[in-house]
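Here are some short exercises to work through with the model open in your viewer. Try each task before you read the solution under it.

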Amino acid sequence: LRPEHFQTHSRASKFFRGMGDADKSLEIVEGYVERKPGDLRGYQLLADIQFANGSNEKAIDTLGEIIAIDDENAVAFHKRGDAYIALGKREKALEDYRKAASLEPKNPKYLTSLGLALTLRSERQSLDEAEKVLRQALELDDRNSNANRLLGTVLRKKFKPKAALEYHVRA
């Protein structure tokens, strides 16, 4: 593979992953990152593969490298939040989801993830904030099934069963 072509490495990595050879897929991307250390696309693809392989700690480290280079990379903060959730590190996930949503406040996916992290806290203040954030997500995309489901859960936890049912039905 020609070391300067990201698309070639990306396609080759996807090919091997599709063939069930996750190790070869990872090897291709690691080789690219090694040869092109400043290319954030390589780090992003590496983190995606690490996350897909269940190597969440490695994905967190790789996403941290992206954030060290570009501290306004909402995608990296959001994906690192996902990795933290997978590891059960809810407060760290909340921090990263909050950062992603602050960087892209009109992104319903980021708002929904923030709502999830807030819902997991189950504190009254967090539930109030989750309700607000999830309503914002639904203003941007009213067909967002995750936001509808989560808002239903928040309303149920706030002892509003009729309103909760409405959002669960929408999901």
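Helices here are DSSP runs of H or I with at least four residues, numbered from the N terminus. With that in hand, Lys 89 can be placed in the loop between α5 (74-86) and α6. Keep in mind that this is a predicted model.

**Exercise 1. Get an overview of the chain.**

Task: work out which elements the chain has and how much of it is buried.

Solution:
- Start with the elements: the chain has ten helices and zero strands. Read from the N terminus, that gives α-α-α-α-α-α-α-α-α-α.
- Next, the dimensions. The C-alpha trace spans about 60 × 30 × 25 Å along its principal axes.
- Now burial: of the 171 residues, 43% are buried.
- For the surface, about 9500 Å² is exposed, and carbon and sulfur atoms supply 50% of that.
- Then look at contacts between residues at least 6 apart in sequence: 42% of them join residues at least 24 apart.
- Finish with charge. The chain has 30 positive and 27 negative charges, and their mean positions are 6 Å apart.

**Exercise 2. Check the length of α9.**

Task: find out whether the ends of helix α9 (residues 145-157) are as far apart as the residue count predicts.

Solution:
- Count first: α9 has 13 residues.
- The expected span is 1.5 Å times one less than the number of residues, so these 13 residues should cover 18 Å.
- Compare that with the model: the end C-alpha atoms are 18 Å apart, which agrees.

**Exercise 3. Follow α9 from its cap to its packing.**

Task: say what caps the N-terminal end of α9 and which helices its buried residues pack against.

Solution:
- Go to the N-terminal end. Asn 144 is the cap, with a side-chain oxygen 3.2 Å from the backbone nitrogen of Asn 146.
- Move into the helix and pick out the buried residues: Ala 147, Asn 148, Leu 150, Leu 151, Gly 152, Thr 153, Val 154 and Leu 155.
- See what they meet. They pack against α7 (108-121), α8 (124-140) and α10 (161-170).
- Zoom in on one of them, Thr 153. Its relative accessibility is 14%, so it counts as buried. Setting aside residues up to four places away in sequence, Thr 153 touches Thr 119 and His 168.

**Exercise 4. Look at two positive phi angles.**

Task: place Ser 122 and Phe 159, and decide how exposed each one is.

Solution:
- Recall the background: most residues other than glycine have a negative phi.
- Take Ser 122. This residue isn't a glycine, yet its phi is positive, at about 60°. Ser 122 sits in the loop between α7 and α8.
- Check its accessibility: at 41%, Ser 122 is partly exposed, because that class runs between 20% and 50%.
- Now Phe 159, which comes just after α9 and also has a positive phi of about 60°. Phe 159 belongs to the loop between α9 and α10.
- Its relative accessibility is 74%, so Phe 159 counts as exposed.

**Exercise 5. Compare two loop residues with a helix residue.**

Task: for Lys 89, Glu 104 and Ser 25, decide between buried, partly exposed and exposed, then list the contacts of each.

Solution:
- Lys 89 has a relative accessible area of 34%, so it is partly exposed. Beyond neighbours within four places in sequence, Lys 89 contacts Glu 57 and Tyr 84. With Glu 57, there is a side-chain to side-chain polar contact at 3.3 Å.
- Glu 104 lies in the loop between α6 (90-103) and α7. At 33% relative accessibility, Glu 104 is partly exposed. Again leaving out neighbours within four places, Glu 104 contacts Ala 74 and Tyr 110.
- Ser 25 is in helix α2 (residues 22-35). Its relative accessible area is 0%, so Ser 25 is buried. With the neighbours within four places set aside, Ser 25 is in contact with Ser 13, Phe 16, Arg 17 and Ile 49.

**Exercise 6. Set sequence distance against space.**

Task: how far apart in space are Asp 142 and Arg 170?

Solution:
- Find Asp 142 in the loop between α8 and α9. With a relative accessible area of 54%, Asp 142 is exposed.
- Asp 142 and Arg 170 are 28 residues apart in sequence and 9.1 Å apart, C-alpha to C-alpha.
- For another pair, try Glu 104 and Thr 153: 49 residues apart along the chain, with 24 Å between their C-alpha atoms.

Note on methods:
Residues numbered from 1 in each chain as written. Predicted model: local features only at pLDDT ≥ 70, side-chain atom pairs only at ≥ 80, totals over all residues. Heavy atoms only, no water. Helix = DSSP H or I, 4+ residues; strand = E, 2+ residues; numbered from the N terminus. Buried < 20%, exposed > 50% of the residue type's maximum accessible area, 1.4 Å probe, protein only. Contact = heavy atoms within 4.5 Å. Polar contact = N/O pair within 3.5 Å; in protein donor to acceptor, adjacent residues only side chain to side chain. Areas by Shrake-Rupley, 256 points an atom, 1.4 Å probe, with all protein chains shown as cover. Lys, Arg positive; Asp, Glu negative; His and termini not counted. Charge placed at Lys NZ, Arg CZ, Asp CG, Glu CD.
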